[in-house]
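Reader: I would like to go through this model with you, beginning with its charged side chains and then turning to the domains. Could you take my questions in order?

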Amino acid sequence: MADLTQKFHGLLQHPLEPLFLPKNNGTLFYELPERFLTPRYRPIGQNLVNRFGPNSAASTEVSNDTGVPPMVVTIRDLKELPDLSFATWIKRRDAFSLFIGEHRKAAGKLMKLFINQPDADTLVDVAAYARDRLNGPLFQYALSVALLHRPDTKSVPVPSMLHLFPDQFIDPAANAKMMEEGTIVMDENRMPITIPANFTASDDEPEQRMAFFREDIGVNLHHWHWHLTYPGSGPPEVVRKDRRGELFYYMHQQLLARYQADRFAQGLGRVEPLSNLRDPLREAYYPKLLRSANNRTFCARYPAMTLSDVVRSSDRTEVRIADIESSIARVLEAIDA
């Protein structure tokens, strides 16, 4: 029988794959009520069970290869299905960002839905229903925050972002090699795949000497975990934490101090403040990352590029430079008051 950790980790794995597909390398299965299936799969529910369930030929083959018997998580039906309309407008395979205000609000509401469940088992049931209907990273973020802040799930370790979103960290050229090795070769026979540490630019650009810091997986994992611990939107008991602002300032001050020290060690000068948002940005940057959910690349920053207003109705977002300048002026005025 699967324990809480296995149940939640299975829910967090591969969020763009339907939940009825096997998890944990083919050893964990979810038995779902028929109405938990999305409209696309509900008419062929029994066929899916026969093909992908714990008694399927594929499951037997995995058990024979690994010696691990299948574990089944039986999801209970809900008396009342939750209303997810506040979040379903974000498409399942679109990018999710906490820096988009409406995305952050949707995440806060989903977080509240998860935290308000009466017990951990009911949370599993509600999350199982929501999972296949929501944007993948949005679901992973909200459920991870809930696991960290609920008393009855504090013993459940939240998987590393590196395991949840590996495509956010590595050269996409390595993906095909890893997929081949992971699909064909058993665990004990797999060989390591070399991921180049310096693939975003060449050393002809002096600022690339600091790529080891800016692109460090550990530093970026810390940033993700900070947002799990201190979410910007959600229930008051999660957001309003003692000394939150002080710790936010201290963490960033320490991070920048270390960054500045490493710049000196690399023969670079002080960090140049972005004091004028309308000045061109001298150096270019090419992230060379491919978001596997929708095969979209992260945008490049070209030499001498200038910032511009962002107005995107699809994301319900509007960010104008004039508004940011006004906000900065008000913050400085408040500090000097």
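**Salt bridges, domains and local contacts**

Author: R150 is a suitable place to begin: its relative accessibility is 4%, and it counts as buried (under 20% relative accessible area is buried, over 50% exposed and anything in between partly exposed, with a 1.4 Å probe and protein chains only). This is a predicted model, in which local features need pLDDT of at least 70 and side-chain atom pairs count only at pLDDT 80 or more, while totals for chains, interfaces and linings use all residues. Residues are numbered from 1 along each chain as its sequence is written, and side-chain values use heavy atoms, leaving out hydrogens and water.

Reader: Which side chain does R150 meet in a salt bridge?

Author: R150 meets D152, with 2.8 Å from N to O. A salt bridge here is a side-chain nitrogen of Lys or Arg within 4 Å of a carboxyl oxygen of Asp or Glu. D152 is partly exposed, at a relative accessible area of 32%.

Reader: How many salt bridges does a search of the whole structure find?

Author: The search finds 16. One of them joins R76 to D125, whose closest N and O atoms are 2.7 Å apart. That pair links distant parts of the chain, 49 residues apart: R76 sits in the loop between β2 and α4, and D125 in helix α5. Helices here are DSSP runs of H or I with at least four residues, strands are runs of E with at least two, and both are numbered from the N terminus.

Reader: Is D125 buried or exposed?

Author: D125 is buried, because its relative accessible area is 4%. R76 counts as partly exposed, because its relative accessibility is 43%.

Reader: What about R320; which residue is its salt-bridge partner?

Author: The partner is E318, and the closest N and O atoms are 2.8 Å apart. R320 is partly exposed at 31% relative accessibility. E205, R282 and E283 are joined into one network by salt bridges that share partners.

Reader: Let us change topic. What domains is the protein divided into?

Author: There are domain 1 (4-159) and domain 2 (168-274), with bounds from an automatic or database domain assignment. Their centres, taken over C-alpha atoms, are separated by 27 Å. Domain 1 brings 16 residues to the contact and domain 2 brings 15, contact being heavy atoms within 4.5 Å.

Reader: What area is buried between domain 1 and domain 2?

Author: About 1200 Å², of which carbon and sulfur atoms give 74%. Buried area is the accessible area (1.4 Å probe) that two parts lose on being put together, summed over both. Y141, L148 and H149 supply 34% of what domain 1 buries against domain 2, more than any other three residues.

Reader: How many salt bridges and polar contacts cross that interface?

Author: The rule finds 0 salt bridges across the interface, and 3 residue pairs in polar contact, both residues at pLDDT 80 or more. A polar contact is a pair of N or O atoms within 3.5 Å; within protein, one must be able to donate a hydrogen and the other to accept it, and residues adjacent in sequence count only if both atoms are side-chain atoms.

Reader: Which helices supply the side of domain 1 that touches domain 2?

Author: α3 (57-66), α4 (101-115) and α6 (136-149) each supply at least two residues. α4 gives the most, with 6 residues.

Reader: Next, helix α1. Which of its residues are buried?

Author: In α1 (residues 4-12) the buried residues are K7, F8, G10, L11 and L12. These pack against β1 (28-31), β2 (71-74), α5 (120-131), α6 and α7 (161-164). D3 caps the N-terminal end of α1, with a side-chain oxygen 3.2 Å from the backbone nitrogen of T5. H14, which follows α1, has a positive phi near 40°.

Reader: Finally, R263: where is it found, and what does it contact?

Author: R263 is in helix α12 (residues 244-265) and counts as buried at 6% relative accessibility. Leaving aside neighbours within four places in sequence, R263 is in contact with E207, M210, L268, G269, R270 and V271.
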